[in-house]
Amino acid sequence: QVQFVESGGGMVQPGGSLRLSCAASGRDLSTYMMGWYRQAPGKQREAVGRITSGGDTTTYPDSAKGRFTISRDNAKNTVYLQMNSLKPEDTAVYYCNSPVGRFVQFGWGPGTQVTVSS
């Protein structure tokens, strides 16, 4: 049973930066693609990027391109999300999981709240 614990969220002003971490336990995820997701109040959860198992390839939706960077440390079973130039519309709870097509493989962790506000 895989469990995720996301951390690093907080409140930041527009233009600021945050680095989120997602620590996984219960399974070695070094062979899994991993992704970050977010859910804003009243909206559906959406993907904000993914990274291949070896960490050599990352993909992002237009909303995150040029601002967000995903990385991973397989030795620590941990995935990171560096977020720069944050905007109020980035306010959401952020989660990690392993994507399979349009779905995810495991249950969701508690997430970490990111609030961008002046």
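1. Contacts of Gly16. In this predicted model, Gly16 touches Met83, Asn84, Ser85 and Leu86, leaving aside residues up to four places away in sequence. Gly16 lies in the loop between β2 (10-12) and β3. Its relative accessible area is 17%, and Gly16 is therefore buried, the cut-off for that class being under 20%. The C-alpha atoms of Gly16 and Thr52 are separated by 27 Å, with these positions 36 residues apart along the chain.

2. Ser85, one of the residues touched by Gly16. Ser85 lies in the loop between β8 and β9 (92-97). With a relative accessible area of 42%, Ser85 is partly exposed. The backbone deserves a check here: Ser85 has a positive phi of about 50° although it is not a glycine. Most residues other than glycine have a negative phi.

3. The loop between β7 and β8. Which residue of this loop has a positive phi without being a glycine? Asn77, which lies in the loop between β7 and β8, has a positive phi of about 55°. At 15% relative accessibility, Asn77 counts as buried. Asn74 is found in the loop between β7 (68-73) and β8 (78-83) as well, but Asn74 counts as partly exposed, at 30% relative accessibility.

4. Surroundings of Asn74. When residues up to four places away in sequence are not counted, Asn74 touches Ser30 and Ser53. The C-alpha atoms of Asn74 and Ser85 are separated by 27 Å, the two residues being 11 apart along the chain.

5. Aromatic pairs: Tyr32 and Phe106. A search of the whole structure finds four aromatic pairs. In one of them, the ring centres of Tyr32 and Phe106 are 5.6 Å apart and the planes stand at 55°, so the pair is tilted. The limit for an edge-to-face pair is over 60 degrees. Tyr32 lies in the loop between β3 (18-25) and β4 (34-39), and Phe106 in the loop between β11 (103-104) and β12 (112-116), so the pair ties together parts that are 74 residues apart in sequence. Are these two residues buried or exposed? Tyr32 is buried, with a relative accessible area of 17%, and Phe106 is buried with a relative accessible area of 13%.

6. Aromatic pairs: Tyr37 and Trp108. The ring centres of Tyr37 and Trp108 lie 5.2 Å apart with their planes at 85°, so this pair is edge-to-face. Distant parts of the chain are linked by the pair: Tyr37 is in strand β4 and Trp108 in the loop between β11 and β12, 71 residues apart. Tyr37 is buried, with a relative accessible area of 9%, whereas Trp108 counts as partly exposed at 34% relative accessibility.

7. Aromatic cluster. Ring pairs link Phe4, Tyr32 and Phe106 into a cluster. Tyr32 and Phe106 thus appear both as a tilted pair and as members of this cluster.

8. Secondary structure. The chain has zero helices and 12 strands. Read from the N terminus on, the elements run β-β-β-β-β-β-β-β-β-β-β-β. Of the contacts in the chain with a separation of 6 or more, 53% are accounted for by residues 24 or more positions apart.

9. Overall dimensions. Why may the chain be described as agreeing with a compact globule? With 118 residues, such a globule would have a radius of gyration near 13 Å, and the chain has 13 Å, which agrees. Along the principal axes, the C-alpha atoms fill a box of roughly 40 × 25 × 25 Å.

10. Burial and surface. Of the 118 residues of the chain, 42% count as buried. The accessible surface comes to about 6,200 Å², and carbon and sulfur atoms contribute 47% of it.

11. Charges. The chain carries 12 positive and 8 negative charges, and the mean positions of the two sets are 3 Å apart.

Notes. Residues numbered from 1 in each chain as written. Predicted model: local features only at pLDDT ≥ 70, side-chain atom pairs only at ≥ 80, totals over all residues. Heavy atoms only, no water. Helix = DSSP H or I, 4+ residues; strand = E, 2+ residues; numbered from the N terminus. Rg over C-alpha atoms; globule rule 2.2 N^0.38 Å. Buried < 20%, exposed > 50% of the residue type's maximum accessible area, 1.4 Å probe, protein only. Contact = heavy atoms within 4.5 Å. Areas by Shrake-Rupley, 256 points an atom, 1.4 Å probe, with all protein chains shown as cover. Lys, Arg positive; Asp, Glu negative; His and termini not counted. Charge placed at Lys NZ, Arg CZ, Asp CG, Glu CD. Phe/Tyr/Trp six-rings, centres within 6.5 Å; stacked < 30°, edge-to-face > 60°.
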